[in-house]
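Q: Could you take me through one part of this model in detail, the second largest pocket, and then show me the sheet that shares an element with its lining?

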Amino acid sequence: MKPATTKVVRITARPSEGLRWVRSLIKTASTAAALSPSSSTSPPKPPAEPVELPLRLATRNLLKSSIDLAKRTVEWPKPLEDAVTQSLRDLEVPRKPVVAFCGDSKSGIHDLVTALLEEPLSNDQTRRNALVGRFDDRTSSGISRGTLRIRSSDSLDRTGDVLSFRSSWLSSSGFDLLEVPMTSTPVSFLSDLVSADHIILVTDNIRFSSQPSFASAIKLLANHPSLQIVLNRINKSTTAYQDEYTLASEIKSLLEEETNPENRHEGTFKITAVSSNDALEAIDIFRSVENSSNSTAAAKAASMELYQAKHKTSSMSNLSSSILSALPSTSSSASPSDEFITQSRTGAFIASHVLASCQSSIDSASVELMDAERRVKNLKQLVQAELQAARAEFFESSSQPLGSPEPPVEQRKSLDGGEDILVVDDSLSKSRRAVERVLERYSWWSLPWRVDDLQDELVGSVAEHYAEDLRANVHFHSGKLSFLNKTFSEESEGTVAFPPTSVFNSAILQNNLSQISRSSSPHFAPPILTPISSRQNQISTHLAPQLQSRAERVVASFYALSFGSLGAAWASSPILFDVLGMETAIGVGALGVATSLRLVLLGGWERAVKKWWEGWDRVGEGLGRDVKVAYDEQVIPQLTRKPNAAANGLQELVEKRVKDVAEVEEEMKGLNRTLESLQARIK
């Protein structure tokens with residue numbers, strides 16, 4: 001039987017017609033690319049010019065960007081957000097231009113609007129009652145007066161806040177009228193004015209600019225593209241020119257007080273003086289003439305003359321003409337096809353007000369930022385000044401009694417090339433005098449029989465007197481440092497204390513400072529006393545035993561020399577007896593022995609004491625360095641732990657805030673450029 005074999009079959013597929021077509025197409029394209037001239041030689045394409053958006057879309061984009069910035073910068077952006085929302089809604093579809101009258105009840109705004117919309121030739125009493133009593137239903141039901149929109153319509157209708165009736169003036173002018181009551185907070189009625197293309201602020205010639213909320217309203221609306229001031233002359237004791245001049249002067253003073261340059265109005269306002277009382281009286285005279293059938297022709301002529309005089313005095317015709325000329329015509333615009341020209345102008349004003357509020361918040365943030373930087377700087381300066389004063393008071397203070405001369409300059413030890421540490425030098429000078437009194441009791445002639453007590457007396461004297469005044473000064477200075485630490489703690493907490501609404505009011509930073517206060521109980525004396533004890537122990541365990549050993553060697557040398565000298569004298573006595581005689585020889589020998597012994601004791605002891613004081617000075621210099629290092633590396637960090645944490649923590653917040661403000665300011669500049677470009681298109 002044949003063994004089974006494995007047969008390998010290679011499977012290949014023929015390319016389909018579609019695949020062959022794709023391959024030929026790729027080959028053709030590759031050949032064309034290879035034969036085409038290099039792209040580097042082709043002329044560069046000019047940059048595409050920016051596309052100018054339609055006014056409606058450009059205004060909506062600006063409004064959205066402005067309110068987005070306001071939400072991140074303004075503390076209470078809700079009124080602005082409401083105004084922008086309504087402005088965006090207002091830009092959805094084209095509408096008629098809107099004229100808004102703003103004023104309180106005492107300014108005569110009700111009579112002014114009534115006189116403007118009244119039609120003396122009309123006998124429609126229902127229409128007249130609806131116009132005159134347009135707020136009666138609200139006041140009688142206890143509902144506060146709100147914004148009322150008045151429209152021209154063929155039929156009389158009252159639906160909510162909209163009153164519609166036949167009005168030839170509104171119909172011919174082609175706009176609606178808003179009657180907006182002046183409230184105590186002008187920002188609150190900004191949302192009512194988002195659809196107002198021409199705003200009229202009404203006041204009277206009794207209160208002028210002292211009308212409640214008038215000053216705030218004039219500052220709020222100062223940059224509106226179409227703003228008019230109407231002065232209702234209730235008081236007839238002055239002329240219209242005098243009233244206009246008085247109001248213009250007061251408005252100028254109000255705007256000069258405006259601190260935000262974005263809200264300053266460089267131009268002049270149009271002030272129109274009218275008399276609503278004269279206008280209503282003229283209408284009543286006209287109607288009385290028309291309704292009187294018993295009047296003579298002469299009486300009617302006199303009444304018409306009086307009507308004309310009253311109507312002219314009221315200046316209502318001037319007001320009507322100024323309103324009609326205030327609103328731009330779409331046909332005269334740079335873009336006649338854009339039907340949102342008026343609405344875009346009003347929307348641009350809302351955006352400018354939002355940006356002005358953002359700028360005001362940025363200015364406030366900058367002021368708060370400067371205050372935080374000043375706090376950090378003041379805290380650092382305070383800590384540095386107090387530490388320098390405390391350090392100088394400790395290290396440069398003298399422990400000598402009053403009236404005693406200071407040690408000579410050459411006796412003061414200096415560290416690092418010239419800093420005198422008087423507190424250490426003076427204390428060691430007193431300790432040295434105490435030890436010197438001990439060593440004075442060990443003269444060369446008493447040393448042999450007192451040498452055994454030398455180390456004990458030195459150690460006792462060092463333990464009692466070494467840096468005694470320095471220790472007392474350390475304890476005294478530690479009390480001052482404790483008071484200084486309390487001062488630093490209070491200043492640190494005051495530095496980071498900001499109002500709850502401030503961005504610098506950091507609960508984490510305050511908690512960190514509280515933990516430092518609870519966890520640390522600073523001790524200022526032990527760090528400085530430790531090197532004193534260490535140096536004292538160095539003298540007691542090293543220098544004192546070394547002096548004891550040297551003294552013992554000197555005494556041993558004394559005894560050895562004594563016995564050697566006696567032996568030599570005894571050995572040479574026969575010769576000396578023969579030469580000098582017995583008595584002379586004994587005297588000469590005794591004198592030589594005593595002289596040599598004195599020289600040995602005195603010279604050896606003086607060298608031992610000299611080495612002692614050399615070691616004493618080295619230890620004293622080391623003590624000065626140790627005290628300085630302990631003060632700088634252990635005492636100072638305890639004092640500065642909390643103020644450093646406060647200053648560094650607040651500095652981090654300041655740096656973050658500086659970055660945030662810089663980013664917002666850069667975004668603000670871009671939005672202002674967009675606003676300027678938009679305003680240039682809708683002028």
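**The second largest pocket and the sheet**

A: Happy to! In this predicted model, the second largest pocket has a volume of about 620 Å³. Its lining is made up of 28 residues, and those nearest the centre are N223, H224, P225, S352 and Q679. Four elements each give two or more residues to this lining: β7, α12 (316-326), α13 (341-395) and α21 (582-681). The largest share belongs to α13, with 7 residues. Sorted by class, the lining of the second largest pocket holds 12 polar, 11 nonpolar and 5 charged residues.

Let's follow β7 from the pocket lining into its sheet. That sheet is open and has 8 strands, in the order β3-β4-β2-β5-β1-β6-β7-β8, with mixed pairing. At its edges are β3 (157-159) and β8 (270-274), each of which pairs on one side only. From one strand to the next, the twist averages 20 degrees.

Now for β7 itself. Strand β7 (residues 227-232) pairs with strand β6 (residues 198-204) in the parallel sense, over 6 bridges. I199 has L227 of β7 as its bridge partner. Helix α9 (residues 240-256) packs on the sheet and touches β6, β7 and β8, its direction making about 140 degrees with that of β8.

Another helix, α4 (residues 109-117), lies across β1 (98-103), β2 (148-152), β4 (162-165), β5 (176-181), β6, β7 and β8. Helix α4 runs at about 170 degrees to β5. To bring the two parts together, β7 gives residues to the pocket lining and is also touched by α9.

Definitions and conventions. Residues are numbered from 1 along each chain as its sequence is written. This is a predicted model: local features need pLDDT of at least 70, side-chain atom pairs count only at pLDDT 80 or more; totals for chains, interfaces and linings use all residues. Side-chain values use heavy atoms; hydrogens and water are left out. Two strands pair if DSSP finds at least two bridges between them. Axes are lines fitted to C-alpha atoms, for helices over the stretch in contact, and angles run from 0 to 180 degrees between N-to-C directions. Contact means heavy atoms within 4.5 Å. On a 1 Å grid over the protein atoms alone, a cavity is a set of points where a 1.4 Å probe fits but cannot get out, and a pocket is an open set with protein on both sides within 12 Å along at least five of seven lines; lining residues have an atom within 4 Å of a point. Grid points are joined across faces, edges and corners, and a volume is the space filled by probe spheres set on the points. Ala, Val, Leu, Ile, Met, Phe, Trp, Tyr, Cys and Pro count as nonpolar, Asp, Glu, Lys and Arg as charged, and the others, Gly among them, as polar.
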